[in-house]
Amino acid sequence: MARPRLTYLSREDREFVHEQATRVLAEIGIGYNTPEAIDLLAEAGAQADRAALTARLPWELVERCLLTCPHEVRLAGRDPRHDVVVGDGSLTFCADGTATYMLDERTGRREEGSAEWLRKAMRLYDALPEVDYAWPTISARDLDPLTAGLEIEAISLANLSKHVQDEVRDPAHAAPLIEIFEAVAGGSLWDRPVFSTIDCTVAPLQHEREMTEATMAMVRAGVPVLVLPMPLSGTTGPMSVLGTMIVTVAELLSAVVLFQLAQPGCGIISGMGAGVADMRSGLYLCGAPECALMNVIGIEMSHFYGLPCTASAITCDAKASNQQAGAEGMLTGTSCALAGADTILAFGCSDGAQSLSLAKVMLDCDSVGALRRLVREDPIDETRALFDDIAAVGIGGHYLGRKSTRQLHRAGEVWQPALWQRGPFEQYQGRPLAGEAADRADELLRTHEVAPLPEDVAAEIDAVIERYARTVGASGARVSWHDAP
Amino acid sequence: MRPRFEYLTETERQFVHEQTVRLLEEVGVAYNTPILTQPLREAGAIVDEAKLQAKLPWELVERCLRQVPRDILLAGRDPAYDCTVGAGGMLYTSDGAATYMLDDLTGERHEGTEADLAAMMCLYDAVPEVDFTWATITPGDVDSRVGNLEMARITFEHSRKHLQDEVRTPEQAPVMIELLEAIAGAPLSERPIWSATNCTIAPLQHDAEMTEAHILMARAGCPIFVLPMPQMGTTGPMSVLGTSILNMAELLSAVVLFQLGAPGCAMVSAVGSAVAEMRSGLYLSGAPEDGLINVVCIEMSRFYGLRTQGSAVSCDAKACDLQAGAEGMLTGMASALAGADIMLAFGLMDSAQTASLAKTVLDADTVNAIERFMREDPVDETRALMDDLIEVGIGGHFLARKSTRRLYRGGELWQPKLWHRGTFDQHAGTPLVKDAWDRAQALIAENDVPPLPDDVRRHVRAVIDAYLGGAR
């Protein structure tokens, strides 16, 4: 069997990156910025500075914590048929986020995200088999900011029967969210983690107090965590691919230590969020070739530590679904898939993940399909050499009448795109690809039905959100999570 | 450190080799020309003189492979544009030979003309990422009896770079040689400004006239790019592996043919095998299976010690849209990672039927991004920047570090020429394709290709006209 494989770091190179990251943890340390973390770390043997809320981490402690990390992490769907196991050798794809704007590819205009756009995007992800699970992909700017952290998850779960992954930014959100997720899961999140949390570290070498405390509470309830360091080469990371990845690895390992101390054995996925700063605007670039290299190094180092990983790809810096978008997305996509990522963040985002386009979601499904075909394991033997057919056809002639042609074509030897335009030019004249994609998204949204949350579960979510709204003094006149447009 | 890649294991390469050898020994190939019957028989092939076919024992193939040089000069009309295959680094050439020219702004297309070919060649001359060219579009308004001669004339009038193309009949070969030597100002054996694209005919055949013509070109000193083109499902079997085996058998049969016809001639394994679109029968150039076929054939050609040209960056998309970028980058990455010496890229879409000015300049960003990805970078203290990490410490930023400025200026971060970075508002209302079109038009308008000397132009015209006179 043959499967294309990309490697970058040699064994010595991996050791070098490991040694530098270990030096960073032991000599510089990490700002955890919360006394709750510092207490745990001090007890475990880290050199903690309680005044500065920082800690230096000896390798022995990091290694001990790595040993308690599971190699596979199950992400349960609201519908068990959509359960995913990250790290089991399969390649899965998750919808990217979190965009601020919604892009209309037909006009080139964009508008701020809303609850209704979030609802539509999640319904579209529900309809697409290429999407295994999803982030709440676009900000719902019209929700009451006091309760949005809860309502965004409610909207996501109501419109998607797959697993949801997102940040919990406020420790006060943790308890009500756990109630909501347990209501949806029909029991403990240890049994069915329908939600996993994203913990973004703050480069260089820091953790944010509120998100860290919230994440600690979530992992203690059985929620897996995606650790997502995001140093940007040139601003919050040094001006080299390698240096930025040393920061990434150090931040990742510092999170591993913290969350394994908070909840030994909790599921941790290593996420690749490192990117490049556009030095003119300071903006985050995610489609640059250096981003692809960072992903490759991150995937290799994650596997070096025995951690499953989520790579960032397919998303682009282009401003529309144009040639740049395809090239940037496929550059990061091929490198991540060939390097052996367990999950790839993809689908719909452009403009440095600031804009979401439903048309691009549809087009990215074809990119994902092509990638899956590229990295598929294929036999290199008589069944594919087809020597008998070649000998029988001989010199001249054709293979149209061969049984093997029909049989292998039906079996998927040649991948078929859903939207990409093959065939004669005239067939597509006057039908721009992005417009066709937007039409297809509209059609799916018209026809696809998401299994609704059971009434008692919806009522429980209402009750949890209402209770929380009262405690924070939220206005009753806000847009609600299940408001119709 | 640079990205390393592998598809076939050593055992699998051996399997592909054995199947290819079986094919050459048991099925054979049709050369369709009597001129090589005797040399083939003398060299040990089993020749069927009536059918003009031969079965090739491995010993013969191996002997011929040993004669193929490793370094291949592709001379430019201007020596400043000479390039050598095998000198290190990947070379890029334009794709060819399209039938139509696209207006990227309207989406309309028309049949190619001399003016279109001239414009494309001006653009290739101006784009530094294009190392050499293929006559990228067929001009429908020149006399088809001298199509390739006129294409060589038009190309060298508008480009200083090396050209690869075909000569389709042996009668035209001496004419082409005279024309090229007039332009080169030297024998082709010294300044091979032109190389032949030799398409085999799948499955397992050679075109008599083209074969005879290209043997003459090889004897005059022109390198030969062997381009087998079996299409998976129609002229090739319905598997990536089977089609690749067929590709390799046709390639090796051409190696034997040319090394017997012109011993020691320069040869490149060019991968033209692809997938057939089973609804329309069209050639697909951007499918993931195309990427895999390129990978297998490049790995096998390297196994045989041959220089390689991958087919990539071209696409099946009908415009410079997301599909064009994704298809081009997928095949581009596959060929680059597999270690191609040359990548056939630049300018074509719609399964290589349509040429586009905008795509040409956008493809330059694609190949530069690939080059940055493939670049060898140190994994050591100079890039780990530990001193900077320690000094910036927890929190803070790297904007003020000397290493930031130094490495930024040193090219740590690749900068595209056309792709849109920066803010959304900065680019709102200006589609990328419009920027690309404008850039292409500006490059063509600013072109500074010196005209061919008057005496050379007159000589070239006279050579073509004399041949046409004789042809009448």
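## A lysine at the meeting point

Let's start with one residue: A:K319 touches A:S350, A:D351, B:H420, B:F424 and B:H427, leaving aside residues up to four places away in sequence. Here, a contact means that two C-beta atoms, placed from the backbone, lie within 7 Å. This is a predicted model, where local features need pLDDT of at least 70, side-chain atom pairs count only at pLDDT 80 or more, and totals for chains, interfaces and linings use all residues. Residues are numbered from 1 along each chain as its sequence is written, while chains are lettered from A and ligands numbered from 1 in the order in which they are written.

Where does A:K319 lie? A:K319 is in the loop between strand 18 (309–312) and helix 10 (323–339) of chain A; helices (H or I, at least four residues) and strands (E, at least two) are DSSP runs, numbered from the N terminus. A:K319 counts as buried because it has 29 C-beta neighbours inside 10 Å (buried takes 20 or more other C-beta atoms within 10 Å, exposed 12 or fewer, partly exposed in between). Its C-alpha atom is 9.6 Å from that of A:C349, 30 residues apart along the chain.

## How the two chains meet

Across the whole interface, 107 residues of chain B are in contact with 108 residues of chain A. On chain B's side, helix 10 (residues 322–338) gives the most, with ten residues. That side has 60 nonpolar, 28 polar and 19 charged residues. For these classes, Ala, Val, Leu, Ile, Met, Phe, Trp, Tyr, Cys and Pro are nonpolar, Asp, Glu, Lys and Arg are charged, and the others, Gly among them, are polar.

Strands join in too: strand 1 (residues 5–7) of chain A and strand 1 (residues 4–6) of chain B pair in the antiparallel sense over three bridges (pairing takes at least two DSSP bridges). In this pairing, A:T7 stands opposite B:R4.

## A helix pair across the interface

Helix 9 (residues 289–304) of chain A packs with helix 11 (residues 357–374) of chain B at an angle of about 35 degrees, their axes 8 Å apart. Axes are lines fitted to C-alpha atoms, for helices over the stretch in contact, and angles run from 0 to 180 degrees between N-to-C directions. Chain A brings A:P289, A:A292 and A:L293 to this contact, and chain B brings B:A369, B:R372 and B:F373. By class, that makes five nonpolar, no polar and one charged.
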